[in-house]
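Reader: Hey, got a minute to walk me through this one? I'd like the overall picture, then the packing.

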Amino acid sequence: MPLMRRRPLLRAAAVGGGAYLAGKHRAQRQADQQSQDADQDQRITDLEQQQPAAAPAPTVPAQTAPSMADQLNQLTTLHNQGALSDDEFAAAKAKLLGS
């Protein structure tokens, strides 16, 4: 009868041992991953500290208004293309010249 009892115990030991090894392997993988993450975070932090202070953003020159001659040329072009009627052209020209 002692042989019958050993088989379930051996089976339980094999299953328990396998589960233990699998759990140990999983814990080791998690520890390795955490270590890699910490190393990567440290490298990123080191690189950020090595970078020079942020240079001020380049200033974009303010766009100047087109000259009066440019505006008159644009109005004339629109009038010649037919986008402005004679009355609209005369009104826009008078507004531009301030009369």
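Author: Sure, we'll start with the whole chain and then go to the helices and a couple of residues. Keep in mind that this is a predicted model.

Reader: Okay, how many helices and strands are in the chain?

Author: The chain has 3 helices and 0 strands. Reading from the N terminus, the order of elements is α-α-α.

Reader: And what share of the residues counts as buried?

Author: Just 3% of the 99 residues count as buried. The chain's accessible surface is about 9,100 Å², with 57% of that belonging to carbon and sulfur atoms.

Reader: Let's go to helix 2. What span should it have, and what does the model give?

Author: Helix 2 covers residues 68–81, which is 14 residues, so at 1.5 Å a residue it should span 20 Å. Its end C-alpha atoms are 20 Å apart, so the two agree.

Reader: What comes just after helix 2?

Author: Gly82, with a positive phi of about 95°.

Reader: Same check for helix 3, please. What span should that one have?

Author: Its 12 residues should span 16 Å at 1.5 Å each, and the end C-alpha atoms are 16 Å apart, so that agrees too. Gly98 follows helix 3, and its phi is positive as well, near 80°.

Reader: Now the packing. At what angle do the axes of helix 2 and helix 3 cross?

Author: They cross at roughly 175°, and the axes come within 10 Å. Angles over 145 degrees count as roughly antiparallel, so that's what helix 2 is relative to helix 3.

Reader: Which residues make the contact?

Author: From helix 2 you have Met68, Gln71, Leu72, Leu75, Thr76 and His79. Helix 3 brings Asp86, Phe89, Ala92, Lys93, Leu96 and Leu97. Sorted by class, the contact has 7 nonpolar, 3 polar and 2 charged residues.

Reader: Lys93 caught my eye there. What does it touch outside its own stretch of sequence?

Author: If you skip neighbours within four places in sequence, Lys93 is in contact with Leu72 and Leu75. The C-alpha atoms of Lys93 and Gln71 are 9.0 Å apart, with the two positions 22 residues apart along the chain.

Reader: Why does Lys93 count as partly exposed?

Author: Its relative accessibility is 36%. Partly exposed runs between the 20% and 50% cut-offs, so Lys93 falls in that class.

Reader: Switching to Leu97: where does it lie, and what does it touch?

Author: Leu97 lies in helix 3. Not counting residues up to four places away, it touches Met68 and Leu72. Its C-alpha atom is 9.1 Å from that of Leu72, which is 25 residues away along the chain.

Reader: And what's the accessibility of Leu97?

Author: It's at 43% relative accessibility, so Leu97 counts as partly exposed.

Notes:
Residues numbered from 1 in each chain as written. Predicted model: local features only at pLDDT ≥ 70, side-chain atom pairs only at ≥ 80, totals over all residues. Heavy atoms only, no water. Helix = DSSP H or I, 4+ residues; strand = E, 2+ residues; numbered from the N terminus. Expected span 1.5 Å × (residues − 1). Axes fitted to C-alpha atoms, helices over the stretch in contact; angles between N-to-C directions. Parallel < 35°, antiparallel > 145°, perpendicular 65-115°, else oblique. Contact = heavy atoms within 4.5 Å. Nonpolar A, V, L, I, M, F, W, Y, C, P; charged D, E, K, R; others polar. Buried < 20%, exposed > 50% of the residue type's maximum accessible area, 1.4 Å probe, protein only. Areas by Shrake-Rupley, 256 points an atom, 1.4 Å probe, with all protein chains shown as cover.
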